[in-house]
Amino acid sequence: IASCEKGVIELRNMVDHFGLDVVEAYMGHVQDNAEEAVRRVLGVLSDGHFVYPFDDGSQIEVDIKIDRDAREAVIDFTGSSDQLPGNYNAPRAVCMAAVLYVFRTLVDDDIPLNSGCLKPLKVIIPAGSMLDPVYPAAVVAGNVETSQNITDALFGALGVMGAAQGTMNNFTFGNDVWQYYETISGGSGASEGHDGTAAVQTHMTNTRMTDPEVLEWRFPVLLTSHRIRKNSGGPGKWKGGDGTIRKIKFREPMTAAVLASHRVVPPFGAAGGSPGQTGRNWVERADGTIDENPSGRWQVDLEAGDTFVVQTPTGGGYGKK
């Protein structure tokens with residue numbers, strides 16, 4: 001609310017300084033420039049089709065048809081899974097945001113992100129699908145998980161880069177006194193001329209992580225390890241980015257949960273590059289035993305001395321090695 005109010009104040013200041021007619025005219029100029037930038041990109045892209053499955057067997061399917069003469073494109077998500085009983089459904093706005101993001105990344109010009117980028121694009125999202133669900137569908141994972149896979153599916157259809165880790169690795173813990181939530185970095189996908197990056201938030205996320213000292217000061221936990229998974233990215237002429245391993249040891253009983261993807265399906269490689277590696281979640285008990293859940297959706301009770309481990313997925317490679 002404070003951010004929106006700050007925007008209102010600054011817009012009013014701009015109107016007071018330049019006049020409403022000038023501000024509205026330049027809003028149009030910014031969008032027109034973005035539209036033209038995307039149209040130029042469409043002139044060098046090719047048609048594509050991609051199906052990207054989730055760990056549970058649901059899928060995103062996208063078909064991209066480009067009219068180079070008109071410099072327009074149709075992006076059709078027909079074939080994506082029907083609305084799901086779980087919470088991986090994504091509101092239509094999330095899908096549109098992913099489309100906007102992808103085509104903005106393909107523009108070389110330094111332009112602000114705005115809806116002008118969407119003007120040359122016709123987007124078809126089937127009503128009642130997991131990308132346009134009917135209320136009261138559960139959608140909490142749509143913004144944090146499904147958005148990642150929409151983005152990678154679009155890049156896969158265009159063939160321009162390997163998949164990123166494809167998840168935010170949402171990790172929460174708490175009890176009646178303490179509650180904490182973080183997302184955990186992994187590897188980004190490689191593209192022509194560029195290796196992927198290790199240990200970064202990818203695509204539809206840009207959250208920052210709590211400093212270790214602050215985490216341990218505020219909560220009864222110890223961060224025993226947070227390191228890069230060296231040489232874990234997908235091989236290729238250009239290598240996918242490495243993932244991470246994060247270990248948190250608990251000093252009192254808590255309930256922990258992870259909501260993540262790509263624990264079964266590896267992030268894909270592109271143009272002959274190899275896939276990245278999947279992620280894992282497990283608990284190292286104080287008595288030395290190990291508990292592990294093969295899915296990315298897990299809630300578990302922890303006792304003092306137990307350690308929760310999150311190993312994040314890695315980026316796909318690009319090009320034959």
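**View A. An open sheet of 4 strands in the predicted model.** The strand order is 6-5-9-12, and the pairing is antiparallel. Strand 6 (179–182) and strand 12 (297–302) form the edges. Each has a single partner strand, so one side of each lacks a neighbour in the sheet. From one strand to the next, the twist averages 10°.

**View B. The pairing of strand 5 with strand 6.** Strand 5 covers residues 170–174. Its pairing with strand 6 is antiparallel and runs over 4 bridges. Phe171 has Glu182 of strand 6 as its bridge partner. Strands of a sheet pair through backbone hydrogen bonds.

**View C. Helix 4 lies across strands of the sheet.** The strands it crosses are strand 5, strand 6 and strand 9 (254–259). Helix 4 runs at about 55° to strand 9.

**View D. Helix 3 and what covers it.** Helix 3 spans residues 92–105. At 1.5 Å a residue, its 14 residues should span 20 Å. The end C-alpha atoms are 20 Å apart, which agrees. Buried residues of helix 3 are Val94, Cys95, Ala98, Val99, Leu100, Val102, Phe103 and Arg104. Their cover includes helix 2, strand 3 (72–76), strand 4 (121–124) and helix 4 (140–158).

**View E. The packing of helix 1 against helix 2.** Helix 1 (residues 2–18) and helix 2 (residues 20–42) meet at an angle of about 115°. Their axes are 7 Å apart. Helix 1 contributes Leu11, Met14, Val15 and Phe18 to the contact. Helix 2 contributes Leu20, Val22, Val23 and Met27. The contact residues comprise 8 nonpolar, no polar and no charged.

Note on methods:
Residues numbered from 1 in each chain as written. Predicted model: local features only at pLDDT ≥ 70, side-chain atom pairs only at ≥ 80, totals over all residues. Heavy atoms only, no water. Axes fitted to C-alpha atoms, helices over the stretch in contact; angles between N-to-C directions. Helix = DSSP H or I, 4+ residues; strand = E, 2+ residues; numbered from the N terminus. Contact = heavy atoms within 4.5 Å. Nonpolar A, V, L, I, M, F, W, Y, C, P; charged D, E, K, R; others polar. Expected span 1.5 Å × (residues − 1). Buried < 20%, exposed > 50% of the residue type's maximum accessible area, 1.4 Å probe, protein only. Pairing = 2+ DSSP bridges.
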